[in-house]
Amino acid sequence: QVQLVESGGGSVQAGGSLRLSCVASGSISSINLMVWHRQPPGKQREMVASIMSGGTTNYADSVKGRFTISKDGTKNTWYLQMNDLKPEDTAVYYCHAVMKPTSTIAGYWGQGTQVTVSS
């Protein structure tokens with residue numbers, strides 16, 4: 001099993017920055033891919049950024065050039081650095097661990113952290 005705990009959300013003005021953290025514990029070596037998702041109010045959840053165990057990253061077009069996903073293996077922590085925030089970035093942000101195919105459970109989710117960007 002894997003436990004994920006997010007932190008770092010808050011309220012900022014447009015143009016500001018936040019860094020979200022996702023601390024993982026448990027079967028960390030079985031994590032194949034870590035994904036940050038977000039769910040804006042009244043909308044469906046969407047992928048924001050992902051990073052594979054080997055370091056390959058992927059971003060939604062809406063955040064390219066503004067957000068950076070990274071991992072600190074020494075701390076079992078994944079980060080989402082968010083710069084130049086816009087009101088449309090307002091959402092609950094979740095980290096999602098996608099497990100390797102050999103795992104019995106496909107993935108795990110954190111509890112989410114709220115990000116609010118005011119204009």
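**Exercise 1. Locate Arg66 in the chain, decide whether Arg66 is buried or exposed, and find which residues Arg66 is in contact with.**

Step 1. Arg66 sits in the loop that runs between strand E6 (57-59) and strand E7 (67-72), where helices (H or I, at least four residues) and strands (E, at least two) are DSSP runs, numbered from the N terminus. The structure is a predicted model, in which local features need pLDDT of at least 70 and side-chain atom pairs count only at pLDDT 80 or more, while totals for chains, interfaces and linings use all residues. Residues are numbered from 1 along each chain as its sequence is written, and side-chain values use heavy atoms, with hydrogens and water left out.

Step 2. The relative accessibility of Arg66 is 10%, so Arg66 counts as buried; the term buried means under 20% relative accessible area, exposed means over 50%, and partly exposed lies in between (1.4 Å probe, protein chains only).

Step 3. When neighbours within four places in sequence are left aside, Arg66 is in contact with Gln81, Met82, Asn83, Asp84, Leu85, Lys86 and Asp89, contact meaning heavy atoms within 4.5 Å.

**Exercise 2. Starting from Asp89, trace which residues are joined into one network by salt bridges that share partners.**

Step 1. A salt bridge is a side-chain nitrogen of Lys or Arg within 4 Å of a carboxyl oxygen of Asp or Glu, and a search of the whole structure finds four of these. Side chains of opposite charge can pair when their charged atoms come close.

Step 2. Asp89 has a relative accessible area of 0% and is therefore buried. Asp89 forms a salt bridge with Arg66, with the closest N and O atoms 2.7 Å apart. This pair links distant parts of the chain, since Asp89 belongs to the loop between E8 and E9 and Arg66 to the loop between E6 and E7, 23 residues apart.

Step 3. Arg38 also forms a salt bridge with Asp89, and here the closest N and O atoms are 2.9 Å apart. In this pair, Arg38 lies in strand E4 and Asp89 in the loop between strand E8 (77-82) and E9, 51 residues apart.

Step 4. Glu46 forms a salt bridge with Arg38, the closest N and O atoms being 2.6 Å apart. Glu46 is partly exposed, with a relative accessible area of 32%, whereas Arg38, at 5% relative accessibility, counts as buried.

Step 5. Through shared partners, the salt bridges join Arg38, Glu46, Arg66 and Asp89 into one network.

**Exercise 3. Describe how strand E9 is enclosed and which strands pair with E9.**

Step 1. Strand E9 covers residues 91-99, and seven of its nine residues are buried, so E9 is largely enclosed by the rest of the structure.

Step 2. Two strands pair if DSSP finds at least two bridges between them. Strand E4 (residues 31-39) runs antiparallel to E9 and is joined to E9 by eight bridges; in this pairing, Gln39 has Val92 of E9 as its bridge partner.

Step 3. Strand E11 (residues 113-118) pairs with E9 in the antiparallel sense over three bridges, and the bridge partner of Tyr93 in E11 is Thr113.

Step 4. Strand E10 (residues 107-109) likewise pairs with E9 in the antiparallel sense over three bridges, and Ala97 stands opposite Tyr108 in E10.

**Exercise 4. Find the disulfide of the structure and state which strands hold its two cysteines.**

Step 1. A disulfide is a pair of cysteine sulfur atoms within 2.5 Å, and a search of the whole structure finds one. This disulfide joins Cys22 to Cys95, with an S to S distance of 2.1 Å.

Step 2. Cys22 lies in strand E3 and Cys95 in strand E9, so the pair ties together parts that are 73 residues apart in sequence.

Step 3. The torsion about the S-S bond of Cys22 and Cys95 is about 70°, so the disulfide is right-handed.

Step 4. Cys22 counts as buried at 0% relative accessibility, and Cys95 is buried with a relative accessible area of 0%.
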